[in-house]
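Good morning. I will take a few minutes to go through one structure with you. Please have a look at it first.

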Amino acid sequence: MAILNSITDTGNKHTDNKVFSKQSSLRDLVLNDLGVRQFLGCHPELSKDDIEAGFPTLYEYYQARNNKDSVTKDYVPELFVESKNKKHISITYHKSADAIKNDKEKARKKRLELINLPDKLRSVDLKYVDYDEDNKPIILAIADFVKEYRTNPHARGLYLCGDFGVGKTYLMAGMANLLAEEGHKVVFLHMPTFISSLNGHIKNNSVREEIQRIEDADILIIDDIGAETLSAWSRDNVLSVILQARMDNALPTFFTSNFAMEDLQRHFAEVRTSSDPVKAARLMQRIKVLTKEVVIGGKNRRLG
Ligand code: ADP
Ligand code: MG
């Protein structure tokens, strides 16, 4: 630090002169900055003149470290010595680890579309979910899917069936977050609310666009199928259409339900105004082609 001291000393000689005293305190601040000291400590080859010539760069570094504004807040400055011709102090900027994490988080949020589901599901992380004998088959099935999907975009989805509160929605949220993080467009929709929100907007163009987005998602998760109040229209013009498109394009599709597949077929047959076992069987056929059924047992986790 001998050089450092001699430079700071030079400034101190002028403390009685007002013009210089301002400059000297600025020099002190810059040269005493921890980052600047570490940098100079690591570069004993720099002469007093090199440091003098590099002072504007050291000042820029000091400013970038200590006076963050909205533009610089995401960047971390770094000093280095460019030694091609003369020893020259230079500065470069890296994106901070926090900013990189934030960018990833934003991208993940954008890729996962929740339709009529609470935003808190975005924070479910499969790494930290409770794991026991009851939900083990589902967690393993999810892990198998994620692994296979990395090499096969047509991997088959799952039909998770189990009682209220056993964690179906929660585990699907964990999978959705993981797949969105890996770069896939995921649509996760709550079937009962979605279907009731459609009633009354039947002729609306935006419904057609929404259905299209759902059909096209890399991954589609339909939550709580069987709990909705279907009309013949929503069964035949919404659900059937979406599932047909998913099947035609072999796109992974997931369902959660309180019903086993067998019981779901009865639910589809009895819509509000009519009974139609043939249409129900056809719909069920699509779900069977798209998924593998996994049953989840256990207690109602909502009761703690
Ligand atoms: P379901 O969709 O089967 O009715 P949920 O997924 O809504 O049940 O789960 C009920 C509650 O239990 C959730 O709010 C969640 O907080 C909790 N939960 C479920 N599964 C787990 C798990 N594996 N680890 C931690 N909490 C869980
Ligand atoms: Mg649920």
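Which helix gives the most to the lining of the largest pocket? Keep in mind that this is a predicted model. The helix in question is helix 8, residues 168–181, and it supplies four residues of that lining.

Let me stay with this pocket. Its space comes to about 610 Å³. The lining has 25 residues, and those nearest the centre are Gly 167, Lys 168, Thr 169, Tyr 170 and Arg 302. By class, nine of the lining residues are nonpolar, eight are polar and eight are charged.

Now the second largest pocket. Here the space is about 340 Å³, with 17 residues in the lining. Nearest its centre lie Asp 125, Leu 126, Lys 127, Gly 174 and Leu 178. Helix 8 turns up again, since it supplies at least two residues here, as do helix 6 (97–111) and helix 7 (136–149). The classes in this lining are seven nonpolar, three polar and seven charged.

Last, a single residue, Lys 95. It lies in strand 2, which covers residues 88–95. Is Lys 95 buried or exposed? Neither: its relative accessibility is 33%, so it counts as partly exposed, given that buried means under 20% and exposed over 50%.

What does Lys 95 touch, leaving out residues up to four places away in sequence? The list is Asp 74, Tyr 75, Ile 100 and Asp 103. With Asp 103, the side chains share a polar contact of 2.8 Å. Val 76 is 19 residues away from Lys 95 along the chain, yet their C-alpha atoms are separated by 6.1 Å.

Terms used: Residues are numbered from 1 along each chain as its sequence is written. Chains are lettered from A and ligands numbered from 1 in the order in which they are written. This is a predicted model: local features need pLDDT of at least 70, side-chain atom pairs count only at pLDDT 80 or more; totals for chains, interfaces and linings use all residues. Side-chain values use heavy atoms; hydrogens and water are left out. Buried means under 20% relative accessible area, exposed over 50%, partly exposed in between (1.4 Å probe, protein chains only). Contact means heavy atoms within 4.5 Å. A polar contact is a pair of N or O atoms within 3.5 Å; within protein, one must be able to donate a hydrogen and the other to accept it, and residues adjacent in sequence count only if both atoms are side-chain atoms. On a 1 Å grid over the protein atoms alone, a cavity is a set of points where a 1.4 Å probe fits but cannot get out, and a pocket is an open set with protein on both sides within 12 Å along at least five of seven lines; lining residues have an atom within 4 Å of a point. Grid points are joined across faces, edges and corners, and a volume is the space filled by probe spheres set on the points. Ala, Val, Leu, Ile, Met, Phe, Trp, Tyr, Cys and Pro count as nonpolar, Asp, Glu, Lys and Arg as charged, and the others, Gly among them, as polar.
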